[in-house]
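Colleague: Please examine one part of this model closely, namely the packed interior and the residues that line it or lie outside it. I should be grateful for a connected account in which each term is given with its cut-offs.

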Amino acid sequence: MDENKIKGMLWGLIVGDAFGSPIQFSGKDDHPWITEMVACPVFGLPAGHWTDDGSMAMCVMDSVVRTGGYDLKDVGNTFVKWLFEGYLSSVDGRSFDVGGATYGSVSSIRRGNLVNGHEDSQGNGSIMRFAPSYLLARALKRPEVIHEVSDLTHASRAVRNTCDELAAVLDEHLAGKRTTRGPGVELARSDVPNSGWCVETLTAALWAFNTTETFADGLVAAVNLGGNSDSIGAVYGQIAGAYYGFDAIPTRWVRAVKTWKRVDALIDRFCGVLAQNSGCGDGKEERGTKRTEKTMIGAIVGDIAGSRFEFHNRKTKDFSLLVSRGEEERCCHFTDDTVMTLAVAQAIIDWRTNGSGDMADLSAAAVSRMQEFGRRFPRAGYGGHFAHWICAEDPQPYNSWGNGAAMRVSACGWAGRTLDEVKTLV
Ligand SMILES: [Mg+2]
């Protein structure tokens, strides 16, 4: 899948929500015309705060990242954590802008129910958070995931049908075809709906997309419909982001989102898990969970199996791979290869969490973690120069031709989503 379009869909949702929130609940023409990310008088918040739309989408992404795939119960429990503890809310410690149906359904999830709502549950509460579940269903090739995640809060035929319609639009956009679904210029702005009914929210978002030519122009048209403007913005953002791509979203709007680096890091990690779960995909993504995990495990097992032969050469294949203490004269143990492999893996995790994307930050994280891990395991068998490097106040490269770099890089294969990204990380 095209990562620019995927990232555009996810960031489009969050930007659209934060962009539209300041004028939600207003009539179509009784609000200031919004053209930039502005403060939200509705909730008394500075510019850039996402609401329930963004939080619930992040809950799905967070669950996928933590579980490494799809766990419906965990998605539901993450919604519970958001509603009652403010997890992934843009305001510390509390959720806000919660619709009545969502409140009731998430309360029901807390009691263990994973299908909530009824035929009258036709609000836009599941399409506003749609993109992560859609992308997960696509990666897993399990279309039922879309309805299952939607049914957590809005189990009705109307919402499922609207999810299917939105999925069809996103399918077209990921395939590079501009959708023709929904109304266009033939529908006058005065007649475009702006309610929280799922069907009308999708109609409004499609009208904004169909009557404009850029992500920015469409978002301005969408949210200024007023009414349920944050969710109209969030649905528009998914549709337009999937077509125009992340690069088309004005950078100043992305960076106006509160803690945007953290949001970007979550999206990045979510995309990584999607790539793992979709296997080789279109050929660009060359990692699958099992194979890449084995890359690191292989490095560690190789280190441990070979440890007892270091400086004790043995030219035969007739030996036990792993030997415990007391079984033979020399037993197996982990050495500097394993310690530094794990240090590099931790450094990559630190860097991804930090979210800067700057390779200099990855280098700094690697130096810090390699010194930390090296000092924690001082007798792992380091070479002389490297042992001094671990303890140095100002560690510098010392032009070694040894194999110390190659032995520790397997985590790059685990973390990189494409061959080019693996090469960059190495
Ligand atoms: Mg909202």
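Modeller: Burial is judged here by counting neighbours: a residue is buried if 20 or more other C-beta atoms lie within 10 Å of its own, exposed if 12 or fewer, and partly exposed in between, with C-beta atoms placed from the backbone. The model is predicted, so local features need pLDDT of at least 70 and side-chain atom pairs count only at pLDDT 80 or more, whereas totals for chains, interfaces and linings use all residues. Residues are numbered from 1 along each chain as its sequence is written.

A brief setting comes before the close view. The protein has 18 helices and 0 strands; both are DSSP runs numbered from the N terminus, helices being H or I over at least four residues and strands E over at least two. Of its 426 residues, 45% are buried, and its C-alpha trace spans about 85 × 40 × 40 Å along the principal axes. The division is into domain 1 (3-277) and domain 2 (289-425), with bounds that come from an automatic or database domain assignment. Taken over C-alpha atoms, the centres of these two domains are 41 Å apart. Two residues are in contact if their C-beta atoms, placed from the backbone, lie within 7 Å. Of the contacts between residues at least 6 apart in sequence, 70% join residues at least 24 apart.

The interior itself can be described through its cores. A nonpolar core is a set of buried Ala, Val, Leu, Ile, Met, Phe, Trp, Tyr and Cys residues joined through C-beta atoms within 7 Å. The largest such core has 81 residues, and those with the most contacts inside it are Phe-79, Ala-205, Ala-222, Val-235, Tyr-236 and Ile-239. A second, separate core holds 19 residues, among them Ala-343, Ala-347, Ala-366 and Ala-380. In soluble globular proteins, nonpolar side chains tend to be buried together. Beyond residues up to four places away in sequence, Phe-79 touches Met-56, Cys-59, Val-106, Ile-109 and Leu-152.

Helix α10 (residues 229-244) deserves particular attention. In α10, 16 of 16 residues are buried. The expected span of a helix is 1.5 Å times one less than its number of residues; for the 16 residues of α10 this gives 22 Å, which agrees with the 21 Å between its end C-alpha atoms. Gly-245 follows α10 with a positive phi, near 90°. Helix α10 also helps to cover helix α9, together with α1 (3-20) and α8 (198-210). The buried residues of α9 (residues 215-223) are Phe-215, Gly-218, Leu-219, Ala-221, Ala-222 and Val-223.

A helix pair can be followed in the same way. Helix α2 (residues 52-67) packs against α5 at an angle of about 35°, with the axes 7 Å apart; axes are lines fitted to C-alpha atoms, for helices over the stretch in contact, and angles run from 0 to 180 degrees between N-to-C directions. From α2 the contact takes Ala-57, Val-60, Met-61 and Val-64, and from α5 Ala-131, Pro-132, Ser-133 and Leu-136. By class there are 7 nonpolar, 1 polar and no charged residues in this contact, where Ala, Val, Leu, Ile, Met, Phe, Trp, Tyr, Cys and Pro count as nonpolar, Asp, Glu, Lys and Arg as charged, and the others, Gly among them, as polar.

Individual residues complete the picture. Asn-124 is found in the loop between α4 (100-110) and α5, and Asn-124 is buried because 29 other C-beta atoms lie within 10 Å. Apart from neighbours within four places in sequence, Asn-124 is in contact with Gly-196, Cys-198, Thr-201, Asn-228 and Ser-231. Val-159 lies in helix α7 (residues 157-174) and is buried, with 27 other C-beta atoms within 10 Å. Leaving out residues up to four places away in sequence, Val-159 touches Ser-121, Gln-122, Ser-126, Ser-150, His-154 and Cys-198.

Lower counts occur elsewhere. His-147 lies in helix α6 and is partly exposed, with 17 other C-beta atoms within 10 Å. Thr-259, in the loop between α11 (251-256) and α12 (260-277), is partly exposed because it has 13 other C-beta atoms within 10 Å. Lys-141, in the loop between α5 (130-140) and α6 (144-151), counts as exposed because it has 10 C-beta neighbours inside 10 Å. Phi is positive for Thr-259, near 45°, and for Lys-141, near 55°.
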